[in-house]
Each structure stands twice: as structure tokens, then as C-alpha cells.
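Got the viewer open? Let's take a walk through this structure, one selection at a time.

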Amino acid sequence: MKALVFLEHHGGALEKGALGVLSKAVSLGETVGVLLGEGAAELVAQAGAFGATKVYVSEQPDLASPLPQPRVDALAAAVEASGADTVLFGASVLAADVAAGLAARLGAGLNWDLTDLSVDDGELVGKRPALGDTVLDDVGWKETPRLGMVRAGTFDPVETGGTAEVESFEASFSDFSTLATLLEQTQEASSGPSIEDADIIVAGGRGLGSPEAFSLVEELAAALGGAVGATRAVVDAGWYPYSTQVGQTGKTVSPKLYIACGISGAIQHKVGMQGSGTIVAINKDPNAPIFDFCDIGVVGDVHQIVPKLTELVRARG
């Protein structure tokens with residue numbers, strides 16, 4: 001297997017999800033990366049440090065904006081130049097658009113929502129959850145190139161300390177690929193790390209009782225230097241933004257510490273955070289499903305326990 005990994009980057013840094021996919025691909029066989037857009041060449045060293053042996057780089061003007069269609073053209077050129085038989089993506093809004101477009105362009109098979117990858121008798125095999133993440137299916141590809149998208153938060157980046165060779169290339173862009181123009185790009189202000197990158201996440205559920213009570217979660221997260229997460233019910237109710245949603249229809253996270261406040265632990269939420277290092281649950285219902293899989297369970301009122309916990313954390317800081 002020779003894998004080409006789409007190394008998504010924003011704000012002058014490689015995305016953690018892409019680096020995790022890169023590390024996994026390196027463990028399976030020869031792996032190269034592709035960096036596209038403004039400032040791409042400056043990130044080659046980082047890609048090499050996480051195992052890429054070679055990085056294909058294009059900083060053509062048509063790739064300056066984070067638009068998917070020009071990236072489809074560029075990736076098709078990179079696949080041809082590299083001779084890769086596999087193209088892997090870390091899940092994101094941009095990567096989903098690019099992967100779907102590339103599959104159509106190359107007439108290739110795309111498996112998505114993968115939670116593991118392995119090589120069996122020289123063939124790539126993916127694991128994909130089904131039936132609400134209660135079972136895992138083995139999935140494969142009929143022919144090459146094989147395209148795969150890995151669920152966010154599945155693999156942690158592993159630094160190898162290596163270096164990568166730089167291979168500059170230029171793509172030809174279709175007329176329709178350059179018709180769209182990015183007029184403005186905005187980003188939500190955040191006082192802490194994103195839930196994808198945080199080592200500590202404090203998440204709140206409907207058990208908090210009101211959107212105002214989310215201040216308890218925010219204060220504990222700030223004291224711990226972590227990020228704030230939320231359940232789908234909370235997001236659907238308009239209490240907290242979708243960017244913080246953890247679960248089957250949100251984001252998959254694997255922090256070192258996950259503190260669930262007023263969260264019952266339904267399967268849809270569990271699948272998004274069960275890979276956390278240590279799970280602490282605070283819930284007044286002793287029969288809440290989350291107590292079946294958490295590492296530390298506290299039965300009690302979050303409105304009383306969380307402020308006390310925040311106070312203790314601040315005292316130790």
C-alpha cells in the first residue's frame with residue numbers, strides 16, 4: 001500500500017485529525033502527504049516529523065481560499081504524480097467535500113466514517129460502525145485508488161522525528177473549479193482550545209436544567225484549562241453551539257479527561273467520547289447509563305458538586 005494523506009491546515013497549522021490519519025497510515029506502509037494552498041511549504045517539516053516520507057506541495061493562487069473544487073483538481077494531479085493507490089482523509093467539512101469530489105473524478109470507491117484501518121494479505125481493510133455504533137463492519141475496496149475518510153478523533157498523532165522530501169507540483173484547473181469566490185470567512189471567538197484538540201473536556205447535558213447553568217461547566221473547564229462540550233439535546237435546544245456537540249451526529253473526541261455533567265450517557269453520546277482516557281460522570285440519577293462505562297461516578301446534584309469541584313481546582317492552582 002502506498003497512501004497519500006490529505007493534510008488539511010488552517011491558520012498556519014496542520015489539523016490534528018489529519019496528523020492522526022497520517023500517523024496511522026505510516027504504521028501500515030509507505031505514506032506521503034499532500035499540502036495545498038497558501039503557506040503549505042512552511043508545514044512540510046511538521047508533516048515529516050509525523051512520518052511522511054515525501055510531501056507533494058502546491059501553492060497555486062487558485063488554492064489560496066479553502067474551497068473544495070480546486071482541491072479536487074490538485075489532489076487528482078497529486079495521485080497521478082505520486083502513484084498512490086490509497087488516499088486518506090481526516091473527517092471535516094472541507095475534507096468531506098473534497099473526498100466526494102475526488103471519488104467522482106477518479107471513479108473511485110469511498111468508504112467513510114472509518115474507525116480503524118489495517119492491512120490483511122496486502123489489502124486495506126477498514127472498520128466502520130453500524131447499527132448505532134453497536135457493531136463494527138469490515139469494509140474494503142474493489143479497485144484502486146481506494147479513498148477513505150476517518151472519523152474525527154479516531155487516531156492520535158504520533159511524532160516520529162523524521163523529515164520529508166518536498167515535491168512541488170502544479171495542477172490544471174477545470175473552468176468550473178474556479179467559478180466560486182470566497183468573499184468572507186468568519187470564525188467563532190473562543191477563549192479555550194477546541195474540543196478536538198483539548199486534553200480535558202467538561203461537557204454538559206440536559207441535566208443542567210437551563211442554558212444559564214452552562215456557566216458551571218464553563219467555569220470548571222476554564223479552571224482546568226479545558227474545553228466545553230455539549231450533548232445533542234443541549235445543542236438542539238439552542239443552549240450551546242453545534243461546534244461543541246459530542247456524539248454520533250457531532251464530533252468524536254478522545255481527551256485525557258472527560259467530565260460529564262448532567263449527561264445520561266445514551267449510546268449516541270457514548271460513541272463520541274468513549275475513547276477518553278478517564279471519564280468522570282456527575283448525575284443525580286444512579287441508574288443513568290453513563291455509570292455503566294465511566295471510570296469515576298458521582299451520584300449527586302451537578303449544581304452543588306460542580307461549583308465545589310471548580311473551587312477545589314482553583315485552590316490547587
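**Stop one: a loop with polar contacts**

Select Q245 and T249, and you'll see their side chains joined by a polar contact of 2.9 Å. Keep in mind as you look around that this is a predicted model. Q245 sits in the loop between helix 6 and strand 15. Is Q245 buried or exposed? With a relative accessible area of 3%, Q245 is buried. Now show what surrounds Q245: leaving aside neighbours within four places in sequence, Q245 is in contact with I195, A230, T231, R232, V235, G250 and K251.

Click on K251 next. K251 is found in the loop between helix 6 (232-236) and strand 15 (257-261). Which backbone oxygen lies 3.0 Å from a polar atom of the K251 side chain? That oxygen belongs to S243. Not counting residues up to four places away in sequence, K251 touches I195, E196, S243, Q245, V246 and G272.

Stay with this loop for one more pair, and select F214 and Y240. The centres of the two rings are 4.5 Å apart and the planes are at 20°, so this pair is stacked. F214 lies in helix 5, while Y240 is in the loop between helix 6 and strand 15, so the pair ties together parts that are 26 residues apart in sequence. Both F214 and Y240 are buried.

**Stop two: the open sheet**

Switch to a cartoon view and colour strands 13 to 17. They make an open sheet of five strands in the order 14-13-15-16-17, with parallel pairing. At the edges you'll find strand 14 (227-230) and strand 17 (296-299), each pairing on one side only. From one strand to the next, the twist averages 20°.

Zoom in on strand 15 and strand 16 (residues 278-283): these two pair in the parallel sense over five bridges. To line them up, pick A260, which stands opposite A281 in strand 16.

Now bring in the helices. Helix 5 (residues 214-224) lies across strand 13 (200-204), strand 14 and strand 15, and runs at about 175° to strand 13. Helix 8 (residues 302-316) lies across strand 15, strand 16 and strand 17, at about 135° to strand 16.

**Stop three: strand 6 and its partners**

Head over to strand 6 (86-90). How many of the five residues of strand 6 are buried? Five of the five are, so strand 6 is largely enclosed by the rest of the structure. Turn on the side chains: T86, L88 and G90 point one way, and V87 and F89 point the other way.

Strand 6 pairs in the parallel sense with strand 1 over three bridges, and A3 stands opposite T86 there. Five bridges join strand 6 to strand 11, again running parallel. To see that side, select G90, which stands opposite V150 in strand 11.

While you're here, select F6 and F89. Their rings form a tilted aromatic pair, 5.6 Å centre to centre with 50° between the planes. F6 lies in strand 1 and F89 in strand 6, so the pair ties together parts that are 83 residues apart in sequence. Both F6 and F89 are buried.

**Stop four: the nonpolar cores**

F89 leads straight into the largest nonpolar core, which has 29 residues. Select L4, V34, L36, L75, F89 and F169 to see the residues with the most contacts inside this core. Among the elements that give two or more residues to the core are strand 1 (2-6), strand 4 (30-36) and helix 4 (93-106). Which element gives the most? That's helix 3, with seven residues.

Centre on V34 for a closer look. Leaving aside neighbours within four places in sequence, V34 is in contact with L4, V5, F6, L7, V55, Y56, L75, A78 and F169. There is also a second, separate core of 28 residues, which includes A3, V5, A25 and V150.

**Last stop: L94**

Finish in helix 4, where you'll find L94. L94 counts as buried, at 12% relative accessibility. Leaving aside neighbours within four places in sequence, L94 is in contact with E8, H10, P66, L67, P68 and R71. Then try a distance from L94 to L110: C-alpha to C-alpha, they are 15 Å apart in space and 16 residues apart in sequence.

Conventions: Residues are numbered from 1 along each chain as its sequence is written. This is a predicted model: local features need pLDDT of at least 70, side-chain atom pairs count only at pLDDT 80 or more; totals for chains, interfaces and linings use all residues. Side-chain values use heavy atoms; hydrogens and water are left out. Helices (H or I, at least four residues) and strands (E, at least two) are DSSP runs, numbered from the N terminus. A polar contact is a pair of N or O atoms within 3.5 Å; within protein, one must be able to donate a hydrogen and the other to accept it, and residues adjacent in sequence count only if both atoms are side-chain atoms. Contact means heavy atoms within 4.5 Å. Two strands pair if DSSP finds at least two bridges between them. Axes are lines fitted to C-alpha atoms, for helices over the stretch in contact, and angles run from 0 to 180 degrees between N-to-C directions. A nonpolar core is a set of buried Ala, Val, Leu, Ile, Met, Phe, Trp, Tyr and Cys residues joined through side-chain atoms within 4.5 Å. Buried means under 20% relative accessible area, exposed over 50%, partly exposed in between (1.4 Å probe, protein chains only). Rings of Phe, Tyr and Trp (its six-membered ring) pair if their centres lie within 6.5 Å; planes under 30 degrees apart count as stacked, over 60 as edge-to-face and the rest as tilted.
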